[in-house]
Each structure stands twice: as C-alpha cells, then as structure tokens.
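Q: Take me through one spot in this model up close, please, and then show me how it sits in the rest of the chain. Spell out the cut-offs as you go.

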Amino acid sequence: MIFQRVMSMKTSAQTTYHSNMGKLPDGSPEWLPLVEERLVGAALLSFPEHVTTSASVATPNDFRDPVMGMVWGAMMFLVCPCPLHVAEALEDNNEFHRAGGLPMLVELTRHTSGFLYANEGLESHAALVRREGERRRAVAKIVSEANEKIGSLGNRAYDSLYDRPEFNNLDGEV
C-alpha cells in the first residue's frame, strides 16, 4: 500500500514536471539555448572528426541563437576547431566582434558539461539542435501560409464588398 502511494506520488510529480516545462516566446523549450551553448563549447574542445560528423547533423540555420549558429558555421570546416582558429575564421568573415570575440569563445569552453559532451556526445546534442530548428522552420512555414491565406481571403472579401452595385453608384456620396 505504501509502495503504491509512493509510486503514485512519483508519477504525479513527473507528470507535473514535464507539463510545466517552460517555453521561450517562439515555442522552443527553455533548455534549448543552454544545449546550443554546450554543443558549441564542446565542439571547441573536440577532435575535428567529431565536429565534422556533428556538422553534418546540425547546420548553422538550426540554431535559435544566431551567434551560436555563426560560431558553429565558422568551425564546421576547420582542421582544428579550437577557440583560436575559430576566432581567426570569424575575424576573416568580419564576424568576430559580433560573435563576442575571444572571451565569449573561451567562456563557452569553461563549462564542465563541455568536457562531458565533447567528442562522442557531440552528435546527440547536434541532433537536438537540428530537431528544434526543423520544428521552428515548420511552424514558421505554417504561420506564413496561414497569413497568406488570411490576407487573400481579406482581399477577396474587400473586393467583393466594393464590387456590389450599390457601392458603385454613390458618385462620391457617403
């Protein structure tokens, strides 16, 4: 009996936790910025072959944070994706200061989780970033299509209203 109550409480707490997980204004999970930062930070500490593999999973467009996407794009094809080489690549593209400079790159590497996710863990984090990027693009496409349909319906309603004969014979009278 006690075991059943404990299990019931545990299941209830898990359900509450998952249903209360926060969302960012664009609908992304609130943990996504942290995952993006950890992915880039871990990549700065990883062997080049792991970065290359992960770069085939997630593209710079998958990142919610454009700065993280910019850094990811700079490191994708480097022989050595360490902070110094990434800083040079960003500087060559005139994006170095916009990305936060060398201090930001070093800051990304100092988190313990960067060491945990480096190399083999990189690909799974890249998959999370890709999945959320695909979701954001799908939602944006649906919203865009809905706005186009609403706009065309509104134009047709407006046009059909003013195509009526009673509006055409007003001769400037209101």
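A: Let's settle one term before zooming in: a contact here means heavy atoms within 4.5 Å. By that rule, and leaving out residues up to four places away in sequence, Arg136 touches Asp26, Ser28, Leu32, Asp62, Phe63 and Arg64. That's our spot. Keep in mind that this is a predicted model, where local features need pLDDT of at least 70 and side-chain atom pairs count only at pLDDT 80 or more, while totals for chains, interfaces and linings use all residues. Numbering runs from 1 along each chain as its sequence is written, and side-chain values use heavy atoms, with hydrogens and water left out.

Arg136 belongs to helix α8, residues 122–162 (helices are DSSP runs of H or I with at least four residues, strands are runs of E with at least two, and both are numbered from the N terminus). Is this arginine buried or exposed? Its relative accessibility is 15%, so Arg136 counts as buried; the bins are under 20% relative accessible area for buried, over 50% for exposed and partly exposed in between, using a 1.4 Å probe and protein chains only. One of its contacts spans a good stretch of sequence: Ser28 is 108 residues away along the chain, yet the two C-alpha atoms are separated by 7.5 Å.

Two of the residues that Arg136 touches, Asp26 and Arg64, are also paired with each other. Their side chains meet in a salt bridge at 3.0 Å, N to O, the rule being a side-chain nitrogen of Lys or Arg within 4 Å of a carboxyl oxygen of Asp or Glu. Arg64 sits in the loop between α3 (48–55) and α4 (66–75), and Asp26 in the loop between α1 (2–19) and α2, so the pair ties together parts that are 38 residues apart in sequence. Both partners are partly exposed, Arg64 at 32% and Asp26 at 31%.

Phe63, another contact of Arg136, brings in the ring chemistry. A search of the whole structure turns up 1 aromatic pair. Phe63 and Trp72 make it, with 5.7 Å centre to centre and 45 degrees between the planes, which is tilted. The test takes rings of Phe, Tyr and Trp (its six-membered ring) with centres within 6.5 Å, and calls planes under 30 degrees apart stacked, over 60 edge-to-face and the rest tilted. Both members are buried: Phe63 has 6% relative accessibility and Trp72 has 0%.

Leu32, also on the contact list of Arg136, leads into α2. That helix covers residues 32–44, and its 13 residues should span 18 Å at 1.5 Å a residue, which agrees with end C-alpha atoms 18 Å apart (the expected span is 1.5 Å times one less than the number of residues). α2 is mostly covered, with 10 of its 13 residues buried; among them are Leu32, Val35, Glu36 and Arg38.

Back on α8, Arg130 and Glu134 meet side chain to side chain in a salt bridge of 3.6 Å, N to O. They are 4 residues apart in this helix, so about one helical turn separates them. Arg130 is partly exposed at 29%, and so is Glu134 at 41%. Arg131, Glu132 and Arg135 are joined into one network by salt bridges that share partners. The count of salt bridges comes to 7. Glu107 and Arg110 form another one, 2.8 Å from N to O; there Glu107 is partly exposed at 37%, while Arg110 is exposed at 55%.

How does the whole chain look around all this? The secondary structure is 9 helices and 0 strands. Buried residues make up 32% of the 174 residues, and among contacts with a separation of 6 or more, 70% are between residues 24 or more positions apart. The Arg136–Ser28 approach, 108 residues apart along the chain, is a handy example of a long step in sequence.
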